[in-house]
Amino acid sequence: MTTATDPPVLSVRGLVKLYGDAVVLRGVGFDVRAGQAVVLVGGSGSGKSTLLRCLNLLETVDDGEILLAGEEITDPRVNVDRVRRRIGVVFQSYNLFPHLTVLKNVMLAPVLVHRMPREAARERARALLDRIGLADKLDVYPDRLSGGQQQRLAIVRALATEPSLLLLDEITSALDPELAGEVLDLVGELKREGMPMVLATHEMAFARELADEVLVLDDGAVIERGAPERVFGDPRQARTRRLLAGARQTRGSGR
Amino acid sequence: MIAAASTAVVAVAVVVGVTHTSGWPRVRQRFFSGTEIAAAWPAARHGMAVNLELFAACGLAAGALGLLVALLRTLAGPVFLPVRLLAAVYTDLFRGLPVILVVYLVGFGVPALRLRGFPSDPRVLGGAALVLTYTAYVAEVFRAGIESVHPSQVAAARSLGLSHAQTMRRVVLPQAVRRVAPALLNDAISLQKDSSLVSVLGVVDAVRAAQIATSAHFNYSPYVLAGLMFLAITVPLTRVTDHLAVRAARRRGDRRAGGGP
Ligand SMILES: Nc1ncnc2c1ncn2[C@@H]1O[C@H](COP(=O)(O)OP(=O)(O)O)[C@@H](O)[C@H]1O
Ligand SMILES: [Mg+2]
């Protein structure tokens with residue numbers, strides 16, 4: 001049970017990231033509570049990917065703090081591998097392991113990192129793959145799958161370690177609309193099952209139906225934030241309006 | 001069919017042409033004498049056993065050490081800078097030196113130091129020189145392979161919680177090794193040939209054995225014999241390498257969005 005007094009799943013405070021002299025994140029802060037989805041929107045280069053990479057400690061932050069279930073993970077003494085085990089990540093380019101079969105892609109981390117017995121890991125992987133309709137593709141290599149199947153496989157690979165938070169970075173921008181639809185459907189299901197997530201997306205219609213909070217990023221700063229109805233329905237910043245006008249408003253078909 | 005036929009015709013023409021030139025009988029006597037070859041055979045065979053021994057031992061050692069050096073160069077962070085630097089200097093140094101110079105340096109230089117406990121067997125010293133050199137070659141091949149694996153693969157593995165070592169062993173190296181297998185085999189072929197360089201230290205390998213036989217009778221047929229013995233080993237290796245290279249190219253050709261961005 002989670003109660004109002006539990007710390008948020010994720011808490012980000014005043015995050016600053018520099019690349020050399022360039023300031024890429026300028027004091028970003030937000031919370032993800034149990035079962036919530038925070039959606040990042042913003043133009044290309046606004047800092048969405050960098051923010052997600054910081055959350056997973058794939059980048060070191062220059063200022064601010066990140067707390068995962070109340071524990072500060074930006075502390076230099078923290079074991080980064082331990083933190084990453086608790087966070088699932090899905091990338092735009094899938095990043096599946098081409099030398100491993102579909103089943104082995106899903107089993108790798110549970111067996112290697114979480115020391116799950118091989119048989120149990122296999123059963124769990126099988127069940128997850130069955131869920132996304134890949135039960136008959138266990139022994140094929142990822143390059144034999146469609147783009148939509150590959151991305152759903154990547155999601156399932158991230159889920160296999162039972163993370164407490166999912167990070168999704170523009171996971172449909174490499175896909176045709178109809179393939180994007182089947183991926184977004186899966187993300188929607190996970191959200192309904194209560195998986196907390198932070199996602200960057202250009203799919204505004206999807207963001208609107210999924211998000212608990214929307215953050216509009218521009219040049220590394222949050223220029224607007226709030227409930228999706230508010231941000232999408234009544235954007236206050238001219239930059240937000242411009243961004244929304246240029247974005248795909250229809251959701252990929254898939255259901 | 002046509003290719004095979006025309007190849008056969010050309011081959012026959014060359015053989016007939018060569019054997020009908022006026023100098024041929026002398027060439028045959030000096031280079032292709034059956035009796036000389038038969039006489040040199042036992043010594044050459046023993047010599048070739050030395051070459052193969054060196055090839056196997058040095059190949060295994062250089063393969064393992066080369067992989068180690070390449071892995072040291074992947075260690076991130078300022079703490080490991082000296083290690084990375086040392087590994088880089090080592091590879092540059094030994095890749096840039098003629099092998100025979102390293103053989104001289106180790107083979108004659110180390111015994112001159114008169115260090116207690118150091119081996120003085122020229123076979124061991126020559127082998128050590130080959131290992132020093134080929135470790136650098138192999139390290140460079142592995143490094144190229146490791147760098148050819150897209151960084152997004154490392155990001156995916158690390159974000160699943162795999163450590164650096166686990167990422168290398170389970171994600172990067174399997175992909176890298178597959179890509180560099182032809183290059184590694186090429187180095188193996190060179191090593192097999194360079195194993196004859198230890199003869200300058202007085203080791204009686206196939207080449208040295210042939211040289212001894214040759215100078216006894218002023219007949220060069222033993223050299224031809226030694227050459228044929230090397231070819232019997234290197235040509236099949238070359239064919240395997242080509243086969244692997246073709247297969248690797250084909251695999252890369254039909255890889256779609258599986259790995260990279
Ligand atoms: N490794 C890097 N080195 C230097 N600059 C980078 C690096 N990665 C991203 N940037 C810069 O950081 C800014 C934000 O990039 P990114 O987070 O990828 O934006 P988004 O995902 O919103 O498109 C961009 O200006 C980009 O050029
Ligand atoms: Mg991005």
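How many bridges join strand 3 of chain A to strand 9 of chain A, and do they run parallel or antiparallel? Hold that thought for a second while I say what we're looking at. This is a predicted model, with a chain A and a chain B in it.

Okay, back to the strands. Strand 3 covers residues 37-41 and strand 9 covers residues 213-218, and 4 bridges join them, running parallel. If you want a pair to click on, take A:Val38, which stands opposite A:Glu213 in strand 9 of chain A.

Strand 9 has another partner as well. It is joined by 5 bridges to strand 10 of chain A, residues 221-226, and that pairing is antiparallel. There, A:Leu215 stands opposite A:Arg225 of strand 10. Strands 9 and 10 of chain A form a hairpin with 2 residues between the strands, and in that hairpin A:Asp219 takes a positive phi near 50°.

While we're in chain A, let's do the other sheet I wanted to show. This one is an open sheet of 4 strands in chain A, in the order 2-1-4-5, with antiparallel pairing. Strand 2 (22-32) and strand 5 (71-72) of chain A are at the edges with a single partner strand each, so each has one side without a neighbour in the sheet. Further in, strand 1, residues 10-19, is joined to strand 4, residues 63-68, by 5 bridges, and these two strands of chain A run antiparallel. A:Arg13 has A:Glu65 in strand 4 of chain A as its bridge partner.

Now let's zoom out and put the chains side by side. Chain A has 9 helices and 10 strands. Chain B has 10 helices and 0 strands, so if you read along its sequence you just get α-α-α-α-α-α-α-α-α-α.

What about overall shape? For chain A, with 255 residues, a compact globule would have a radius of gyration near 18 Å, and chain A has 18 Å, so that agrees. Its C-alpha trace spans about 50 × 45 × 40 Å along the principal axes. For chain B, a compact globule of 261 residues would also come out near 18 Å, but chain B has 23 Å. The box around the C-alpha atoms of chain B is roughly 75 × 65 × 25 Å along the principal axes.

Next, what's covered and what isn't. Buried residues make up 55% of the 255 residues in chain A, and in chain B 37% of the 261 residues count as buried. The accessible surface of chain A is about 10,900 Å², with 47% belonging to carbon and sulfur atoms. Chain B exposes about 14,300 Å², and carbon and sulfur atoms supply 69% of that.

Quick word on charge, for those of you who think in buffers. Chain A has 34 positive and 35 negative side chains, and the centres of the two sets lie 1 Å apart. Chain B has 25 positive and 11 negative charges, and their mean positions are 6 Å apart.

And on contacts: in chain A, looking at contacts between residues at least 6 apart in sequence, 66% join residues at least 24 apart. For chain B, among contacts with a separation of 6 or more, residues 24 or more positions apart account for 78%.

So where do the two chains come together in this talk? At helix 3 of chain A. That helix is mostly covered, with 10 of its 11 residues buried. Among them are A:Val102, A:Leu103, A:Val106 and A:Met107. The buried residues of helix 3 pack against helix 4 (118-131) and helix 5 (147-159) of chain A, together with helix 8 (164-194) of chain B.

Last stop, two residues with odd backbone angles. A:Asn95 has a phi near 55°, which is a positive value in a residue other than glycine. You'll find A:Asn95 in the loop between strand 6 (87-90) and helix 3 (102-112) of chain A, so we're back beside the helix I just showed. Is A:Asn95 buried or exposed? A:Asn95 is buried, at a relative accessible area of 2%.

The other one is B:Phe218, with a positive phi of about 50° although it is not a glycine. B:Phe218 sits in the loop between helix 9 (206-217) and helix 10 (221-254) of chain B. At 63% relative accessibility, B:Phe218 counts as exposed.

That's my tour, thanks everyone.

Notes:
Residues numbered from 1 in each chain as written. Chains lettered and ligands numbered in written order. Predicted model: local features only at pLDDT ≥ 70, side-chain atom pairs only at ≥ 80, totals over all residues. Heavy atoms only, no water. Rg over C-alpha atoms; globule rule 2.2 N^0.38 Å. Buried < 20%, exposed > 50% of the residue type's maximum accessible area, 1.4 Å probe, protein only. Contact = heavy atoms within 4.5 Å. Areas by Shrake-Rupley, 256 points an atom, 1.4 Å probe, with all protein chains shown as cover. Lys, Arg positive; Asp, Glu negative; His and termini not counted. Charge placed at Lys NZ, Arg CZ, Asp CG, Glu CD. Pairing = 2+ DSSP bridges.
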